[in-house]
Amino acid sequence: EEGIYKYYSEGEWKKSSSGKSVAIVNPTTRKTHYKVQACTQEEVNKVMDTAKIAQKAWAKTPLWKRAELLHKAAAILKEHKAPIAECLVKEIAKPAKDAVTEVVRSGDLISYCAEEGVRLLGQGTLLTSDSFPGNERSKYCLVSKIPLGVILAIPPFNYPVNLAVSKIAPALIAGNSLVLKPPTQGAVAALHMVHCFHLAGFPKGLISCITGKGSEIGDFLTMHPGVNCISFTGGDTGVAISKKAGMVPLQMELGGKDACIVLEDADLDLVASNIIKGGFSYSGQRCTAVKVVLVMESVADTLVEKVNAKVAKLKVGPPEDDCDITPVVSESSANFIEGLVTDAKQKGATFCQEYKREGNLIWPLLLDNVRPDMRIAWEEPFGPVLPVVRINSVEEGIHHCNASNFGLQGCIFTRDINKAMLISDAMETGTVQINSAPARGPDHFPFQGLRDSGIGSQGVTNSINMMTKIKSTVINLP
Ligand code: G3H
């Protein structure tokens, strides 16, 4: 059928034999904008077989050649930034400028990965036996890093290009092959990104991109015996995957409830602008968004006033107009957010703005005087709604942060670096930002979550390491 984007297998663009498609609904118009192939399990099998074969040859390709191809892909991706950004605008309602930024950032990530990879993987270690008691200097152990095999990459809708590339580039530089299952919203942007790798001239079958319904191919992919590692970013699905997956390394990043702790001595203008950036950029649909403000009572009124003044200035509307607040990704997401708002209303939260929704577009909303019995104090809205919990001690703030099921990032605002360090040590999160909103980037920084926020660590260097295995060769002297 015409108008259905093809999937990518064996270095070719193909139609699925299922004859079926998956619709991608534009969050703004709520109408089907694109269609992608609904691939079958047989097609997954084919992709896995070719990925296995292609990987063997790729692992033997010199490291500098692998890097060269990645640099080429990065340059092509940047050349294609406009059409890819256009897909992001239509598929996930990402504001136009941010959509371009996502593509450029992805190109930079690929190049950085190529550079980091040639250095990191171009060296190993040598151990000698005589340091361990009872041994002579008769054994030399050569340690190097070898690829895992076939990496399955599953990125989320909020960064379909960047969080795909952050898995693809480390996998490839390390000598692995890669099977990508993009999110439905964002699949066309991802296919276009894969096309850039195709144009760069990677060997056939080394990268594949399979689209389809999670219900038909989701478990089949994640439980497939041909998969040697799963790198997943997303929501609760990750927990289910980790329970079902076989004995393969998992890299998981599953959301957060990032706390922003504000002390009495904080620069409140700085805090307010970071709350706006951290809480409302891409309408709060970031795992690293500020998701709860924990502010000392004595400065709470002033802070809330400053934040409200900035909320009033946020431009609300379609992503094409580069608005700050754009429609959330789907109707079910908007309904979920509304559920949290209704619960907070019933339990007596202070609404700093009127709650307003048109279709999937939800106006930015700050909820003050949120208490721990409200769902919004703990759950992740993934939307432009931000709760403020007033605290009377720093300990109360730390307690709230650590009581969360999530432990991705957190931030502290204070002018006292000693206090900040003590609080950072006490916060049980993968990263703590001092005097800035949480963020994953720069993309070579380690990125990890505790508890339900994930498994393993990302960031360029950690991802390359994670997608390799240690191999030792021991030379035994007579
Ligand atoms: O949504 C999860 C992303 O990893 C967050 O990335 O901090 O660059 O928005 P970001």
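Is Leu-268 buried, exposed or partly exposed, and how many other C-beta atoms lie within 10 Å? Select Leu-268 to begin: this residue is partly exposed because 18 other C-beta atoms lie within 10 Å, where buried means 20 or more other C-beta atoms within 10 Å of a residue's own, exposed means 12 or fewer, partly exposed is in between, and C-beta atoms are placed from the backbone. Before going further, note that this is a predicted model, in which local features need pLDDT of at least 70 and side-chain atom pairs count only at pLDDT 80 or more, while totals for chains, interfaces and linings use all residues. Residues are numbered from 1 along each chain as its sequence is written.

**Around Leu-268**

Leu-268 lies in helix α9 (residues 268–280); helices (H or I, at least four residues) and strands (E, at least two) are DSSP runs, numbered from the N terminus. Add Val-299, Thr-302, Leu-303 and Lys-306 to the selection, since these are the residues in contact with Leu-268 once its neighbours within four places in sequence are left aside; contact requires C-beta atoms, placed from the backbone, within 7 Å. A distance label between the C-alpha atoms of Leu-268 and Thr-302 should read 7.9 Å, although the two residues are 34 residues apart along the chain.

**Two residues with positive phi**

Follow the chain out of α9 to Tyr-282, which is placed in the loop between α9 and β14 (290–296) and has a positive phi of about 45° although it is not a glycine. Tyr-282 counts as buried because it has 24 C-beta neighbours inside 10 Å. Now select Ala-93, in the loop between α3 (81–92) and α4 (96–121), where phi is again positive, at about 55°, in a residue that is not a glycine. Ala-93 counts as buried because it has 27 C-beta neighbours inside 10 Å. Most residues other than glycine have a negative phi, and most peptide bonds are trans.

**The ligand and the cis peptide**

Centre the view on the ligand and show Asn-158, Tyr-159, Arg-286, Cys-287, Thr-288, Ala-439, Arg-440 and Gly-441, which surround it; a residue is counted here if its C-beta atom, placed from the backbone, lies within 6 Å of the molecule. Coloured by class, this shell has three nonpolar, three polar and two charged residues, with Ala, Val, Leu, Ile, Met, Phe, Trp, Tyr, Cys and Pro taken as nonpolar, Asp, Glu, Lys and Arg as charged, and the others, Gly among them, as polar. From Gly-441 in this shell, step to Pro-442, to which Gly-441 is joined by a cis peptide bond with omega of about -5°. Pro-442 sits in the loop between β22 (431–434) and β23 (447–448).

**An annotated position**

Select Glu-253 next, where an unreviewed UniProt entry places the feature "active site"; such positions are given in the numbering used here, feature names are shortened, and annotations may be inferred rather than shown by experiment. Glu-253 is in strand β12 (residues 250–253), and is buried because 28 other C-beta atoms lie within 10 Å. Beyond its neighbours within four places in sequence, Glu-253 is in contact with Thr-233, Cys-287, Gly-449, Gly-454 and Gln-458, and Cys-287 is also one of the residues surrounding the ligand.

**Strand β21**

Move to strand β21 (residues 409–413), where five of its five residues are buried. Turn the strand to see that both faces are covered, with Gln-409, Cys-411 and Phe-413 on one side and Gly-410 and Ile-412 on the other. Strand β13 (residues 258–262) runs parallel to β21 and is joined to it by four bridges, strands being paired if DSSP finds at least two bridges between them. Ile-261 has Ile-412 as its bridge partner in β21. β21 also pairs with β22 in the parallel sense over four bridges, and there Gly-410 has Val-432 as its bridge partner.

**The nonpolar core**

Finish with the largest nonpolar core, of 139 residues, in which Leu-70, Val-262 and Val-293 touch the most other members; such a core is a set of buried Ala, Val, Leu, Ile, Met, Phe, Trp, Tyr and Cys residues joined through C-beta atoms within 7 Å. Helix α6 (residues 187–200) gives the most to this core, with nine residues. Select Leu-70 and then its contacts, leaving aside neighbours within four places in sequence: Ile-110, Cys-113, Ala-114, Ala-169, Leu-172 and Ile-173.

Technical notes:
Contact = placed C-beta atoms within 7 Å.
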